[in-house]
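This report looks at a run of paired strands, then at empty space in the model, and lastly at one residue in a helix.

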Amino acid sequence: MERYVCIHGHFYQPPRENAWLESIELQDSAYPYHDWNERITAECYATNAVSRILDGEKHITQIVNNYARISFNFGPTLLSWMEQYQPEVYQYILDADRQSQERFSGHGSALAQAYNHMIMPLANRRDKYTQVLWGIRDFESRFGRKPEGMWLPETAVDMESLDIMSGQGIKFTILAPHQAGRMRPSDDGEWEDVSGNRINTGRAYQVNLPSGLKIAVFFYDEVIARAVAFEGLLSSGESFAGRLAGAFSGEDDQPQLVHIATDGETYGHHHRFGDMALAYALDHIETNNLARITNYGEYLEKFPPEFEVEIVENTSWSCAHGIERWRSDCGCNGGPAGWNQAWRAPLRQALDWLRDTVAPRYEDTARRYFKDPWAARDDYIQVVLDRSPESVQQFFSRHAAHELSPYEATTALRLLEFQRHAMLMYTSCGWFFEELSRIESVQVIQYAGRVNQLAGQLCGDETEDHFLDILGQARSNIPGIGTGRDIYEKFVRPAMVDLVKVTAHYAISSLFEDYGEETRVYCYNVTSRDYQTSVAGKSKLAVGWITITSTITGESADLSFGVLHFGDHNVNAGIREYRGEEAYQAMLDELTETFSRADFPEVIRQLDRHFGMSTYSIRHLFRDEQRDALDRILESALSDIETAYRQLYERYYPPMRFLADLGNPAPKAFHSAAELILNSDLRRALSADSIDAERVKALLNDAEIWKVDLDREGLGYVFQQNLTGMMTGFMSAPEDSDLIEVLIDAVALAPSIPIPVDLWALQNTYYKMLQGVCPEFQARAAKGDDAAGHWLERFEVLGQHMAMQVVTCPA
């Protein structure tokens, strides 16, 4: 009997980008990271790229790329983010697919995915087709090959979607066993009812489609998958391996496949160190010849389907009620007692109404610019992947109905953008969780807001009012939040952006950041034509004019601005169209002259006169820059507060310590001072160029005495970043004997303090040095170089503190 094991990870995050800025703004809930993509990458996507295999003493013996030995898919929108913000991890994933082709008989382990995780059975045929096509095109552009398999979001399946996938060359997909209805041998034997998880998951099956096409389906082992995802099986890599190997049937002499599919985030994000359990299990199975590790493409080539299966349509892996989780109050993920998900239905109804209302308007308007508006939409993915002028021009050469003027080209791109957002608004996470006001649901409503905005501008359709009437029927579970309409007004409308608002952001942020003549503000290019500043004490005036251009649509404008900053959080800014050199110079001279007399009330009146009553303030900065600006503005105030608290803390430390020694609690005022000062001092100590271990321990001792709440996660992150920087510097200058001693002292401190410190990045660098730098010193030491010999000794000590298995450097 031939035994095969395949583990599939579905790695996915919903698109989180602001619909107008094409960038993820600061998400405080992901602290200490900038956003959830960054956090989950650190906890899962990166760790699986360089996962550890430990020996019996918990020393690292190997660092491996898990992706090269499993089957996996990544959401296209996640990979797009990763390519820009985590390029090293992104490259590991691409490399893994190439390595898997060498390992698995030419079959890559990466699968494509329907583009933005839309629930396919709930989509219309046109969207299904585009989602499949965009998923394939995105995959081809990244992995350099055609995909063999495609992941269906939430494994939500219907025959039409499978037909479209097969028509686009997809050979197989993966489903849950309860999605199988009945089966029979491919030679037209008797049908057998296998509903209710009764199908044999150890083989591939064939689905015959209405068009006459066919597609293979693998039904994963749901019992083991559940144990991995929800029952703690990843607490032991050996147990994980044993569970997989123990699933083979001893009574069947045919080739058998044991395979599972779970969210990829299971391996590290949902279960810390889950990536290591995965790495160990795969290594254990191979090393002990328990089975052969394979992927679906290789197994399908070796063992084509011998049985036909009928699927149960409109089902999924994550809803016991089919696909109701994405359109009704089915009870899945109900949240706290008393909550409901009745909001799901009106949310979907509002989006369906919006989609169906704007589609014919899009088609009618787009015919002025495109030979076939829907063929243009299907091919627009090439522009999404490459927004260079050359790529856009090539796209228009294929699809434009005639040679487009710059204005027509911009209009055409804006039409395609509102179709892109009309698909993004169906991202499945908008319905998945328990509450309408969660960031995932707000995100899809934001995409709908972008559709409303563009539909109004391009087609003259005022869709927003009726859309909000329907959305208003969706009600939050949280008192005070209100309805979907309230969420739209509170979270979506303020996020809406046009060229004027981006210019306001540029003008205000220019007070705190030096922009050059050319700069990028999110997805907008800004060219400064003139920029003049005047300073009077703490106050500052800036006047300028710019050319601002959207990198997405090419929309452009010349705008002038004036902004007055009083030195605190009060800022007044005005924006208007550029009216020519003479008008601009007159405005500049008048504002500058009045400001030079420190007549600030008159400056404000002049701003109102020149720019109108629609003024802007720090409230209008985008979230990241707003936080940075406020940090700078409040820096002096916070320093004064810290000084006052430090005086209190140091002055009253002796009597308070005496009080504590007698078993009495510290007064609240002193406790508050101690909490601020100790957190602040620890942050400085852990981010210093050289770590004073005794100082850190003394501060932690005081924190224990006063029972203060430490920002352990934030402090651990600061220490981790500092150590990573040190290690990177050491790799760049390995001869620096002082630096290795500083590193040894700092790394030795990490396990002895009650602050979580992740040495993952340091271990990666150490492993690289072990393979690349260490042999050079070993060769020098063999020739009698005492300094090299000493370096090897200290390098080994450093590795021991990092839990690396280092007997000697590799020859």
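## Two hairpins that share a strand

In this predicted model, strands β17 and β18 form a hairpin with five residues between them, and in that turn Gly554 has a positive phi of about 80 degrees. The two strands, β17 covering residues 539-550 and β18 following in antiparallel sense, are joined by ten bridges, and one of the pairings places Ala542 opposite Val563 of β18 as its bridge partner.

Strand β18 also takes part in a hairpin with β19, again with five residues between the strands, where Gly567 takes a positive phi near 100 degrees. Here seven bridges join β18 to β19 (residues 571-577), and the strands run antiparallel; among the pairings, Ser560 has Arg576 in β19 as its bridge partner. Strand β18 itself, spanning residues 556-565, is mostly covered, with seven of its ten residues buried.

## The largest pocket

The largest pocket holds about 1300 Å³ of space. Its lining is made up of 43 residues, and those that lie nearest its centre are Arg272, Phe273, Met276, Asp758 and Gln763. Two or more lining residues come from each of α1 (36-49), β2 (51-54), α7 (237-245), α8 (274-287), α25 (712-732) and α27 (760-772). Sorted by class, the lining of this pocket contains 22 nonpolar, eleven polar and ten charged residues.

## Two cavities

There are two cavities of 30 Å³ or more in the structure. The largest cavity, with a volume of about 60 Å³, is lined by 13 residues, of which Phe74, Leu79, Leu111, Phe139 and Phe143 lie nearest its centre. The elements that give two or more residues to this lining are β4 (71-74), α2 (76-85), β5 (110-113) and α4 (125-143), and by class the lining has nine nonpolar, three polar and one charged residues.

The second largest cavity contains about 40 Å³ of space and is lined by Pro14, Pro15, Arg16, Gln27, Ile439, Glu440 and Gln443. That lining divides into three nonpolar, two polar and two charged residues.

## Phe467 in its helix

Phe467 belongs to helix α17, which comprises residues 464-471. Because its relative accessible area is 0%, against a cut-off of under 20%, Phe467 counts as buried. When neighbours within four places in sequence are left aside, Phe467 is in contact with Ala350, Leu351, Trp353, Leu354, Ala448, Asn452 and Tyr488. Asn208, by contrast, is 259 residues from Phe467 in sequence and 40 Å away in space, C-alpha to C-alpha.

Conventions: Residues numbered from 1 in each chain as written. Predicted model: local features only at pLDDT ≥ 70, side-chain atom pairs only at ≥ 80, totals over all residues. Heavy atoms only, no water. Buried < 20%, exposed > 50% of the residue type's maximum accessible area, 1.4 Å probe, protein only. Helix = DSSP H or I, 4+ residues; strand = E, 2+ residues; numbered from the N terminus. Pairing = 2+ DSSP bridges. 1 Å grid on protein atoms, 1.4 Å probe; cavity = no way out; pocket = protein on both sides within 12 Å on 5 of 7 lines; lining within 4 Å. Points joined across faces, edges and corners; volume = space filled by probe spheres on them. Nonpolar A, V, L, I, M, F, W, Y, C, P; charged D, E, K, R; others polar. Contact = heavy atoms within 4.5 Å.
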